[in-house]
Structures are given as structure tokens and as C-alpha cells.
Amino acid sequence: MIEQPCARVSISVLGTDFTELGRTLERIRLSEADSIHLDIMDGRFVPNISFGSSIAADIVRASALPCRAHLMIEHPEDAFDTFVGAGVTELLFHVEATRFPFRALQLLKRSGIGRGVAVNPATQVESVVPLLDSVDTVLLMSVEPGFGGQSFLPGTLAKVRMLRSAADRAGTPLRIAVDGGVDASNAAALRDAGADELVAGTAFFRAADSAAFVRLLKGA
Ligand code: DX5
Ligand code: ZN
């Protein structure tokens, strides 16, 4: 088994104490994570509400790292403009949230920022294969979206492998990101399966040494 040399690491701020947001962003910067992951929830697509574009814009302004929005919302197309305006560098929407993913990706193309789709644990990887030429990133959910702090679903590893082979067959330089329950116990297996970005929230905030945790996830 040849382990993938290095993965990028994105930190979800969902699990932070928002009254401490400034300090959290500094902690993320010092940890040498690659980006910030913004979990946007509408209480409809998922049974939880997080924060919206104005807090996202504050985080973008306050952080030097690229910020990517993971939209867990219905009618994601309606929110593209406000999140592009907030300054995020990439938008990810759920394939389960729209009947017209090609149209949504076309809309995003005009904005010039990164584009991607997120995939729920029970959704087959095959459903995004037709989109591979039109996305920069596929975010595979390894928990049901909606809450931080859930346990990693091990079936995700097979989905990462399947998606990596489909992307290789299509000759697409796809970024495969994995989100939910990512920690020290599954990071190496995910990299080995072909994931090149790992998203972490709870495990990052629990780690006594954030920089060591990020290095461990990166496999550096
Ligand atoms: C879940 C979110 C995830 C999650 C990551 O709906 O999309 O980004 O908060 O956090 P942990 O690491 O707590 O699973
Ligand atoms: Zn997320």
C-alpha cells in the first residue's frame, strides 16, 4: 500500500465558541491548516441552522486563509451571489439539494471562484461522475450533514476509492475532500484511499497541540 504523501487540511469553525472567533482564527492560522471551511445550514436541507453570509464575510475579512463555503441549504443557487459577495474562494453545494446541478455549476462558473459539489453518505458516487468535468472539488460527507461531532462512517473509504478511480479514468484533476468525523484514527486511511483534502472540526478543537494535529492529518 502506497500512502498518499500529503493532504490539504481545512478547519470547520462550526465547533468553535463564536464569542472566541478571533482567537479561533488565529489558532487555525498558527496550526498551518490550508483553509477554513464554513458550514452553512438553513434548518431545512439539514435540521440545524448555523450562520449566514454576513458572518462568512467577517471570517473572510479576518482571516488570511482561503475560506470555502459548504452550503447545506435548499435552493443553493439563490444564495450563490451573496456568498460570492462575501469573498469565499470556493462554493460547494449538495447534489441532493438541486435537480439541476449542471445549471448551478454553470451559474457558479460566471463568478470565477472554485466550484464543487457535496455528496451525502447515502448518495452513490456515480451520481456525481457526469459532473466531474465541471467541478474543482467533490466533498464526500462521512457523516450525515447537519451537526459537528458525529462518528465517521467507514463506508466513506470505499466511496473515496471509487471516486478517485472514476476521476483517473476521466483524466480529471479532481480534488476529493472528506468531511465529518475526521480525526487521527482515519486520516491515513483516507489519504491512502485517494482523499486530498481532509476537513476537521471537533477533533481540531479537542487537540491539545493544533499544529501537531494538522501535521498528522496532512501526513507531513
Ligand atoms: C457537518 C459539517 C462538517 C462538520 C465537521 O454537517 O459539514 O463540516 O462540522 O466537523 P466534525 O469534525 O465535528 O465532524
Ligand atoms: Zn462541512
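**The largest pocket and the surroundings of ligand 1**

About 390 Å³ of space lies in the largest pocket of this predicted model. The pocket is lined by 30 residues. Among these, G148, G149, G180, G181 and T202 are the ones nearest its centre. Four elements each contribute two or more residues to this lining, namely β2, β3, β8 (197-200) and α7 (202-206). The greatest contribution comes from α7, which provides three residues. Sorted by class, the lining comprises 12 nonpolar, 14 polar and four charged residues.

The space described above is that taken by ligand 1, which occupies the largest pocket. Around ligand 1 there are 19 residues, and those that come nearest are D39, G146, G149, D179 and T202. G149 and T202 are also listed among the residues nearest the centre of the largest pocket. The shell around ligand 1 divides into seven nonpolar, 10 polar and two charged residues. Two strands, β2 (35-41) and β3 (67-72), each supply at least two residues of this shell. Of the elements, β2 gives the most to the shell, with three residues, whereas α7 gives the most to the lining of the pocket.

Polar contacts to ligand 1 involve both backbone and side-chain atoms of the protein. A polar backbone atom of G149 is 2.7 Å from an oxygen atom of ligand 1. At G201, a backbone N or O atom lies 2.9 Å from an oxygen atom of the ligand. The side chain of H70 also takes part, with an N or O atom 3.2 Å from an oxygen atom of ligand 1. On its own, ligand 1 has 370 Å² of accessible area, of which the protein covers 98%.

Key. Residues are numbered from 1 along each chain as its sequence is written. Chains are lettered from A and ligands numbered from 1 in the order in which they are written. This is a predicted model: local features need pLDDT of at least 70, side-chain atom pairs count only at pLDDT 80 or more; totals for chains, interfaces and linings use all residues. Side-chain values use heavy atoms; hydrogens and water are left out. A residue is near a molecule or strand if one of its heavy atoms lies within 4 Å of it. A polar contact is a pair of N or O atoms within 3.5 Å; within protein, one must be able to donate a hydrogen and the other to accept it, and residues adjacent in sequence count only if both atoms are side-chain atoms. Accessible areas come from the Shrake-Rupley method with a 1.4 Å probe; for residues, only the protein chains shown count as cover. On a 1 Å grid over the protein atoms alone, a cavity is a set of points where a 1.4 Å probe fits but cannot get out, and a pocket is an open set with protein on both sides within 12 Å along at least five of seven lines; lining residues have an atom within 4 Å of a point. A molecule sits in a cavity or pocket if more than half of its atoms lie within 2 Å of its grid points. Ala, Val, Leu, Ile, Met, Phe, Trp, Tyr, Cys and Pro count as nonpolar, Asp, Glu, Lys and Arg as charged, and the others, Gly among them, as polar. Grid points are joined across faces, edges and corners, and a volume is the space filled by probe spheres set on the points.
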